[in-house]
Amino acid sequence: MEMGNQHPSISRLQEIQKEVKSIEQQVLGFSGLSDDKNYKKLERILTKQLFEIDSVDTEGKGDIQQARKRAAQETERLLKELEQNANHPHRLEIQNIFQEAQALVKEKVVPFYSGGNCVTDEFEEGIQDVILRLTHVKTGGKVSLRKARYHTLTKICAVQEIIENCVKKQPSLPLSEDAHPSVAKINSVMCEVNRTRGTLIALLMGVNNNKETCRHLSCVLSGLMADLDALDVCGRTEIRNYRKEVVEDINQLLKYLDLEEEADTTYAFDLGQNHSILEIEKVLKRMREIKTELLQSQNPPELYLSAKTELQGLIGQLDEVSLEKNPCIREARRRAVIEVQTLITYIDLKEALEKRKLLACEEHPSHKAVWDVLGNLSEIQGEVLSFDGNRTDKNYIRLEELLTKQLLALDAVDPQGEEKCKAARKQAVKLAQNILSYLDLKSDEWEY
């Protein structure tokens, strides 16, 4: 129908649908919780549109009734999506971990900026544990979960970085006020910057009692910057450098105030589009091709030398990957390095077993027992390299049991005082444990 000939009720429904469509991306990408202001705002808009749809008069006409039904279903779908995003189990898991970080900051860091003792190793270990657990929260590719995880990680890593930078710089500052009248003002600004640093940490972690805002903090820091710019340092190099150091501190803190805005950009939270991740994936793709060639080859020994050389090159490529201060990228690279190194270890063991076949000499029974286990481990490791499943798979359980049996067999070997046998058994135990760890890594369903 031409727009001018449409029934007024149909036109009204189209207007409502257009308004609903305009906030669809906000709903799909909502990464907060049900008590957030933005959640309540979106919920209120959608509920209002449902009332508007319900108030449209169909005049008993079937086409208008169908149009109203479709409009109501679409709006209800978005309401349901909004609720699911805010209450998804993994979103709640992210929040629970974040609350642990909040408690750590409140207990260990806030007192530090109020004149307390230095930040403890316990805090650093606790924050590292929190970051690691956040990188392992599964998102299933869901945009809202990726945003929530990235946003939370960014804030916690920012706090970690602020503290590290502060602790590193403390010994060199401040200068003596006897050097120049300007030093007193710089010292005063530096003290204010330190207080602001504590406020910023509390703000990022949501533990600030004074209810400071990012905007107010930005104004305070900009004002301090203006005070420093107005100072006359009379060409004194050491004072100019001192002022420059404090200005750099302020610029660094201003950068952290932009985290909220940055966390909403797709490149930030969708690591599937990240350059470093793409580089890691490229390395893993080639590693898998080499692995397939080795496992399927009729004569693997011919490939050992070239495969090891290329794999060592892949390790070098991974070392050059930029981590971008992102723990998820760091974890992705760590796992990729383990993947490549495991394949190199597999080749090393195969080569050692091949060489041993050529050596026809008598050996200590205990040493022979260790080599027998190593032969079994080599076969099991080949299966583990090919394994592609999770921890509920029967094959995972079978491989885990086989590896445990080899560890028990090694435990039963009596070196009888032979140092060479002791060293060989120790290496074999370490290899079996590494294969077990690798099997766990392959089956934990980790994702970016």
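Let's start at one residue and work outwards: R133 is partly exposed, with a relative accessible area of 29%. This is a predicted model, and R133 is a handy place to step into it. The side chain of R133 meets that of E100 in a salt bridge, with N and O 2.8 Å apart. The two residues come from distant parts of the chain: E100 belongs to helix 5 (residues 89-109) and R133 to helix 6 (residues 121-135), with 33 residues separating them. E100 counts as partly exposed too, at 36% relative accessibility.

Helix 5 deserves a moment of its own. With 21 residues at 1.5 Å each, helix 5 should span 30 Å, and its end C-alpha atoms are 29 Å apart, which agrees. Its buried residues include R91, I94, I97, F98, L104 and V109.

Now zoom out to the whole chain. The protein chain comes to 18 helices and zero strands. Of its 448 residues, 43% are buried. If you take the contacts between residues at least 6 apart in sequence, 75% of them join residues at least 24 apart.

Back to the charged pairs. The whole structure holds 25 salt bridges, so far represented here by E100 and R133. Another one joins the side chains of E289 and R286, at 2.9 Å from N to O. This pair stays within one helix: E289 and R286 are three residues apart in helix 13, so about one helical turn separates them. E289 has a relative accessible area of 36%, which makes it partly exposed, and R286 is partly exposed as well, at 24%.

For a pair that reaches between helices again, look at K308 and D348, whose closest N and O atoms are 2.6 Å apart in a salt bridge. K308 sits in helix 14 and D348 in helix 15, so to speak on distant parts of the chain, 40 residues apart. Both are partly exposed: K308 has 21% relative accessibility, and D348 has 34%. Elsewhere, salt bridges with shared partners tie K21, E24, E74 and R77 into one network.

Helix 13 and helix 15 have both come up already, and they also pack against each other. Their axes lie 10 Å apart and make an angle of about 20 degrees. Because that angle is under 35 degrees, helix 13 counts as roughly parallel to helix 15. The crossing between helix 13 and helix 15 is left-handed. On the helix 13 side, the residues that meet helix 15 include I277, I280, L284, M287 and L294. Among those they meet in helix 15 are I329, A332, V340, L343 and Y346.

What else does helix 15 touch? One answer lies in helix 18, because helix 15 is among the elements that cover the buried residues there, together with helix 13, helix 16 (365-386) and helix 17 (394-411), counting atoms within 4.5 Å as contact. Helix 18 runs over residues 419-443, so 25 residues in all, and reaches 37 Å from its first C-alpha to its last, close to the 36 Å expected at 1.5 Å a residue. Among its buried residues are C421, A424, A428, L431, I435, Y438 and L439. Also on that list are K442 and S443. After helix 18 comes E445, with a positive phi near 55 degrees.

E445 has company in that respect. Q416 has a positive phi of about 55 degrees although it is not a glycine. Q416 lies in the loop between helix 17 and helix 18, and it is exposed, with a relative accessible area of 56%. E59, another residue other than glycine, has a positive phi near 55 degrees. You can find E59 in the loop between helix 3 (37-55) and helix 4 (62-87), where it is partly exposed at 46% relative accessible area.

One more loop rounds off the walk. Is K325, in the loop between helix 14 (301-319) and helix 15 (327-358), buried or exposed? K325 has a relative accessible area of 57%, so it counts as exposed. Its C-alpha atom is 9.1 Å from that of T154, a residue 171 positions away along the chain.

Terms used:
Residues are numbered from 1 along each chain as its sequence is written. This is a predicted model: local features need pLDDT of at least 70, side-chain atom pairs count only at pLDDT 80 or more; totals for chains, interfaces and linings use all residues. Side-chain values use heavy atoms; hydrogens and water are left out. Buried means under 20% relative accessible area, exposed over 50%, partly exposed in between (1.4 Å probe, protein chains only). Helices (H or I, at least four residues) and strands (E, at least two) are DSSP runs, numbered from the N terminus. A salt bridge is a side-chain nitrogen of Lys or Arg within 4 Å of a carboxyl oxygen of Asp or Glu. Axes are lines fitted to C-alpha atoms, for helices over the stretch in contact, and angles run from 0 to 180 degrees between N-to-C directions. Angles under 35 degrees count as roughly parallel, over 145 as roughly antiparallel, 65 to 115 as roughly perpendicular and the rest as oblique. A crossing is left-handed if the near helix is turned anticlockwise from the far one by less than a right angle, and right-handed if clockwise.
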